[in-house]
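Here are my notes on the model you sent round, point by point. Have the structure open while you read.

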Amino acid sequence: GVASGAVAAGGRAAARRVGMQAWFGRTAGGGGAAAAAGSEAVDGADTATAQERITRLRDACEAAFSTSYASAAAVVGDGSKRAKAMAAVAAELDRVKVEDVGLGPSEHRASSPTEVLMGVVRKLGGSAIGGKDGVDERQTKYEAAGQDMLPAPPLPGEPGVPGNAASGRAPPITYLNVFECAAFSVGIFVLPARARLPLHNHPDMLVLSKLLFGSMHVRSYDWEEPPPEGAPHYAAPAATGGRLARIRENGVITAPVEPQVALPSEGNLHAITALTPCAMLDVIAPPYNTRVAGRDCTYYRESPVEDSGATPGTADGRGMRVRLTEYEPADDFVVRGGYYTGAKPT
């Protein structure tokens with residue numbers, strides 16, 4: 001399959017095959033439903049097993065999108081069907097716990113993100129961070145200094161705080177394939193601090209994401225102008241000067257938080273930077289497919305424009321106009337496959 005091929009390949013090619021799903025137009029609104037539905041909570045606590053929760057997530061995805069590409073594309077392309085599918089899947093996604101997917105001990109809520117990530121490293125049998133014994137020296141330094149997280153990346157054209165999360169070489173990201181079919185894929189991105197998913201798109205896709213632990217910075221965009229005549233809707237070729245887009249969201253997300261969503265025309269372009277070690281569980285329908293025209297992942301470079309349209313001094317940059325141009329990410333953008341050790345659906 002698309003994601004499993006990436007697990008074997010590693011690197012930027014792997015990132016393209018598994019797809020760079022990340023969000024964020026708005027919350028999916030699944031939290032309330034998740035608290036009330038399904039296996040029968042006692043005093044607000046979900047009494048289901050990890051396997052039951054993962055099975056319910058798989059079943060919700062199949063009920064929402066079926067198992068074929070055509071069925072998923074039809075649901076995602078229909079506003080009312082998409083909303084119903086989004087609510088059902090988000091409810092089950094919101095139930096999943098970090099220990100369900102094999103990323104930490106049951107007592108992870110009392111552990112630091114680094115302790116959880118070191119558990120992941122041990123399970124993967126290697127280093128998810130780099131450096132001696134899998135520990136990134138930059139990470140231990142900022143934790144030793146008592147900082148909760150690295151400074152967020154700057155807005156396009158701004159210098160940024162020294163040592164911000166977008167500075168320096170980015171460590172590798174690990175992708176864990178949970179399950180997939182032609183209609184949808186479910187997987188986990190495990191990001192050490194400073195890891196970055198460059199700005200990328202999700203052509204005609206619905207993406208639901210749950211941050212399992214840690215904090216990340218997210219910047220999403222909506223297109224402001226159409227593509228060149230005759231070009232695909234996601235095109236922004238350098239030869240024509242790229243395209244204008246506006247920042248939709250620009251801020252920090254910290255677990256626990258409701259599942260987030262990227263829609264085909266809202267928040268469909270986004271970049272993610274890990275401010276602490278973190279992991280996100282993604283459902284994407286229909287999946288990326290490098291063998292089908294228009295189903296691949298495209299990456300974009302951000303360039304400031306003279307008339308940004310943003311209010312001077314606006315901290316979050318929402319509404320800021322930026323020029324986006326297609327490009328290939330730097331060599332330090334690496335996504336490598338790991339072995340999923342969490343609960344399997346029945």
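1. Let's start in the sheet. Strand 6 runs antiparallel to strand 9 (residues 269–274), and the two are joined over six bridges. A handy residue to click on is V218, whose bridge partner in strand 9 is I272. Keep in mind throughout that this is a predicted model.

2. Strand 6 also pairs with strand 7 (residues 243–254), again in the antiparallel sense, this time over nine bridges. V218 turns up here too: its bridge partner in strand 7 is G251. So how covered is strand 6 (residues 215–223)? Eight of its nine residues are buried, which leaves the strand mostly covered.

3. There is a cation over a ring here as well. R243 places its charged end over the ring of W223, at 3.8 Å from the ring centre. W223 belongs to strand 6 (residues 215–223), and R243 to strand 7 (residues 243–254).

4. On to the salt bridges, of which the count is 11. As general background, side chains carrying opposite charges can pair when their charged atoms come close. Take R219 and E302 as a first case: their closest N and O atoms are 3.3 Å apart. R219 sits in strand 6 and E302 in strand 11, so this salt bridge ties together parts 83 residues apart in sequence. Buried or exposed, what is R219? R219 counts as buried because its relative accessibility is 6%, under the 20% cut-off. Its partner E302 is at 27% and counts as partly exposed.

5. Next, R323 and E225, whose side chains meet in a salt bridge at 3.8 Å, N to O. Which parts of the chain does this pair tie together? R323 is in strand 12 and E225 is in the loop between strand 6 and strand 7, so the parts joined are 98 residues apart in sequence. R323 is partly exposed, with a relative accessible area of 28%. E225 counts as partly exposed too, at 26% relative accessibility.

6. The salt bridge between E249 and R318 has its closest N and O atoms 3.3 Å apart. This one links distant parts of the chain, with E249 in strand 7 and R318 in the loop between strand 11 and strand 12, 69 residues apart. E249 has a relative accessibility of 28% and counts as partly exposed; R318, at 45%, counts as partly exposed as well. Elsewhere, R56, E92 and R95 are joined into one network by salt bridges that share partners.

7. Now the aromatics: there are five aromatic pairs. In one of them, F65 and F184 have their ring centres 6.4 Å apart and their planes at 45°, which makes the pair tilted. F65 is in helix 4 (residues 50–65), while F184 is in the loop between strand 2 (173–180) and strand 3 (185–191), so the pair ties together parts 119 residues apart in sequence. F65 counts as buried at 2% relative accessibility, and F184 counts as buried at 2% as well. F179 joins F65 and F184 in one aromatic cluster.

8. For an edge-to-face pair, look at Y299 and F333. Why does the pair of Y299 and F333 count as edge-to-face? The ring centres are 5.8 Å apart and the planes are at 70°, and an angle over 60 degrees puts the pair in that class. Both partners are in loops: Y299 between strand 10 (278–285) and strand 11 (300–304), and F333 between strand 12 (321–326) and strand 13 (335–338). The pair therefore ties together parts 34 residues apart in sequence. Y299 counts as buried at 2% relative accessibility, and F333 is buried with a relative accessible area of 5%.

9. Last, helix 5 (residues 69–76), where A72, V75 and V76 are buried. Down the helix axis, the buried residues fall within an arc of 95°, so they line one face of helix 5. The general point is that an α-helix has 3.6 residues a turn, so residues three or four places apart point the same way. What covers the buried residues of helix 5? The cover includes helix 4, helix 6 (79–95), strand 5 (206–213) and strand 10.

Technical notes: Residues are numbered from 1 along each chain as its sequence is written. This is a predicted model: local features need pLDDT of at least 70, side-chain atom pairs count only at pLDDT 80 or more; totals for chains, interfaces and linings use all residues. Side-chain values use heavy atoms; hydrogens and water are left out. Rings of Phe, Tyr and Trp (its six-membered ring) pair if their centres lie within 6.5 Å; planes under 30 degrees apart count as stacked, over 60 as edge-to-face and the rest as tilted. Helices (H or I, at least four residues) and strands (E, at least two) are DSSP runs, numbered from the N terminus. Buried means under 20% relative accessible area, exposed over 50%, partly exposed in between (1.4 Å probe, protein chains only). A charge sits over a ring if NZ of Lys or CZ of Arg is within 6 Å of the ring centre and within 35 degrees of the ring normal. Two strands pair if DSSP finds at least two bridges between them. The arc is that of the directions from the helix axis to the C-beta atoms. Contact means heavy atoms within 4.5 Å. A salt bridge is a side-chain nitrogen of Lys or Arg within 4 Å of a carboxyl oxygen of Asp or Glu.
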